[in-house]
Amino acid sequence: MDRLLLVAGRGALAFLLVLGVVALLPRAVREAVPDTVVGGAVLALGAVGVRRGSRRPR
């Protein structure tokens, strides 16, 4: 259960990180970037977090 919460927290952190980066972009760039690119970046970072969280400890 702890690992599930940790992975969910990493996913939420990745989501907020991507949103923060997008918010810092100039308005013209924000409007040019499709929403699917932002969503894809969140999914990719979430997948990396899940993969790192699912590894066995050494």
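This text goes through a predicted model of one protein chain, from its overall make-up to its single salt bridge.

The protein chain has three helices and zero strands. Read along the sequence, these elements give the pattern α-α-α. Helix α1 covers residues 2–24, helix α2 covers residues 27–32, and helix α3 covers residues 35–54. Of the 58 residues in the protein chain, 14% are buried. The accessible surface amounts to about 4900 Å², and carbon and sulfur atoms account for 67% of that surface.

Confidence should be kept in mind while reading the model. The mean pLDDT of the protein chain is 77, with 84% of the residues at 70 or more. Among the elements, helix α2 has the highest mean pLDDT, at 85, while α3 has the lowest, at 74.

Helix α1 comes next. It contains 23 residues, and at 1.5 Å a residue the expected span is 33 Å. The expected span is counted over one less than the number of residues. The C-alpha atoms at the two ends of α1 are 33 Å apart, so the modelled helix agrees with the expected span.

Some residues of α1 are covered and others are open to the surface. Val7, Ala14 and Val18 are buried in α1, and a residue is called buried when its relative accessible area is under 20%. Leucine 5 also lies in helix α1, but leucine 5 has a relative accessible area of 55% and is therefore exposed, since the cut-off for exposed is over 50%. Together with Met1 and Leu4, Leu5 makes a nonpolar surface patch of about 390 Å².

Glycine 11 is another residue of helix α1. Its relative accessibility is 26%, so glycine 11 counts as partly exposed. Which residue of helix α3 can be set beside glycine 11? Alanine 44 is found in helix α3, and the C-alpha atoms of glycine 11 and alanine 44 are separated by 9.8 Å. Along the chain, the two residues are 33 residues apart. Alanine 44 counts as partly exposed because its relative accessibility is 43%, which falls between the 20% and 50% cut-offs.

The remaining feature is in helix α2. How many salt bridges does a search of the whole structure find? The search finds one. In this salt bridge the side chain of glutamate 31 meets that of arginine 27, with 3.6 Å from N to O. That distance satisfies the limit of 4 Å for a salt bridge. Side chains of opposite charge can pair when their charged atoms come close.

Why can these two side chains be considered one helical turn apart? Glutamate 31 and arginine 27 are four residues apart in helix α2, so about one helical turn separates them. An α-helix has 3.6 residues a turn, so residues three or four places apart point the same way. Both partners are open to the surface: glutamate 31 counts as exposed at 61% relative accessibility, and arginine 27 counts as exposed at 63%.

Methods
Residues numbered from 1 in each chain as written. Predicted model: local features only at pLDDT ≥ 70, side-chain atom pairs only at ≥ 80, totals over all residues. Heavy atoms only, no water. Buried < 20%, exposed > 50% of the residue type's maximum accessible area, 1.4 Å probe, protein only. Areas by Shrake-Rupley, 256 points an atom, 1.4 Å probe, with all protein chains shown as cover. pLDDT = per-residue confidence, 0-100. Patch = residues over 30% accessible without salt bridge, like charges linked within 9 Å, V, L, I, M, F, W, Y side chains within 5 Å.
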